[in-house]
Every structure is written in C-alpha cells, then in structure tokens.
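Please open the model in your viewer and keep the selection tool at hand. The tour below goes from one selection to the next and says what is found at each stop.

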Amino acid sequence: MDLILEFLALASDFIWWGDPPDEQRIEANIVALMAYSWFVELIEKPQYDKLVRENPSVRYVIGKMKMKKMKRSPIYEERKERKLKKEIQKQMATSG
C-alpha cells in the first residue's frame, strides 16, 4: 500500500496542478521550512541561500510544497527535501 501511495505522490509531481505558486506562498513556505534542520543547514551555505532567495526554479519547487502534508508525512518530507536539493544542484551546475 505504501508503495502505491508513494507512486501516486511521485506521479502527482509531474502533473500540472493549477497556477504556479505566488511570492506570498513561496515566502510562507520558506518561513515554515525553517523548522526543518535539513533546510536550515542548506541555507547556511551562502550560495544555496542565494538560490533560495533569487532563483525562480528553486523558488518554484519551494512554493509547490504542501506544508501541512510535510508535517504529517515523513515520506513526503524526504521526497521534497531530495527534490529541492536536486534542483539546487542543477541550478548550481548551470550557473557555474
């Protein structure tokens, strides 16, 4: 059952659900993410913090996160952490 739910959650990441997140949601998600040690450790690095604050692709990933679901589901949290880190690495590779 967990495998099915994981697959459906992963598939939903690839489906366009509505409008892109607005700046207010992105900023609210950044504030909420400060409760997670992995995010705090991430933005302690100046180059990553700059991407979180300025890069549209990284900010899009942050804005699409569902914070209520993040609190309830460790699997969702892990998946979103991996996704954000992957996007940051991608942007670092293209900008450097």
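With which residue does Arg59 form a salt bridge, the closest N and O atoms being 2.7 Å apart? Select Arg59 together with Glu27, for Glu27 is the partner in that salt bridge, a term that stands for a side-chain nitrogen of Lys or Arg within 4 Å of a carboxyl oxygen of Asp or Glu. This pair links distant parts of the chain, with Arg59 in helix α5 and Glu27 in helix α2, 32 residues apart; helices are DSSP runs of H or I with at least four residues, numbered from the N terminus.

Before going further, note that this is a predicted model, in which local features need pLDDT of at least 70 and side-chain atom pairs count only at pLDDT 80 or more, while totals for chains, interfaces and linings use all residues. Residues are numbered from 1 along each chain as its sequence is written, and side-chain values use heavy atoms, with hydrogens and water left out.

**The partners of Arg59**

Now add Glu23 to the selection, and look at its side chain, which meets that of Arg59 in a salt bridge at 2.5 Å, N to O. Here too the pair links distant parts of the chain, since Glu23 belongs to helix α2 and Arg59 to helix α5, 36 residues apart. Arg59 has a relative accessible area of 6% and therefore counts as buried, where buried means under 20% relative accessible area, exposed over 50% and partly exposed in between, computed with a 1.4 Å probe on protein chains only. Glu23, at 48%, is partly exposed, and Glu27, at 34%, is partly exposed as well.

**Along α4**

The structure holds five salt bridges, and one to select next is that of Lys50 with Glu54, whose closest N and O atoms are 3.3 Å apart. Lys50 and Glu54 are four residues apart in helix α4, so about one helical turn separates them. Glu54 is exposed, with a relative accessible area of 53%. Returning for a moment to the earlier stop, salt bridges that share partners join Glu23, Glu27 and Arg59 into one network.

Move on to Asn55, in the loop between α4 (46-54) and α5 (56-64). Asn55 is buried, at 14% relative accessibility, and a polar atom of its side chain lies 3.0 Å from the backbone nitrogen of Val58. Leaving aside neighbours within four places in sequence, Asn55 is in contact (heavy atoms within 4.5 Å) with Lys50 and Gln91.

**Where α4 meets α7**

Show α4 and helix α7 (residues 74-95) together: their axes, which are lines fitted to C-alpha atoms over the stretch in contact, come within 11 Å and cross at roughly 100 degrees. The two helices are therefore roughly perpendicular, a label for angles from 65 to 115 degrees. To see the contact itself, select Gln47, Tyr48, Leu51 and Val52 in α4, which meet Ile88, Gln89, Gln91 and Met92 in α7.

**A last stop at Pro21**

Finally, select Pro21, in the loop between α1 (2-13) and α2 (23-33), a buried residue with a relative accessible area of 17%. Its contacts, leaving aside neighbours within four places in sequence, are Ile26, Tyr60, Gly63 and Lys64. Pro21 and Val61 are 40 residues apart in sequence, and their C-alpha atoms are 9.0 Å apart in space.

How values were computed:
Polar contact = N/O pair within 3.5 Å; in protein donor to acceptor, adjacent residues only side chain to side chain. Axes fitted to C-alpha atoms, helices over the stretch in contact; angles between N-to-C directions. Parallel < 35°, antiparallel > 145°, perpendicular 65-115°, else oblique.
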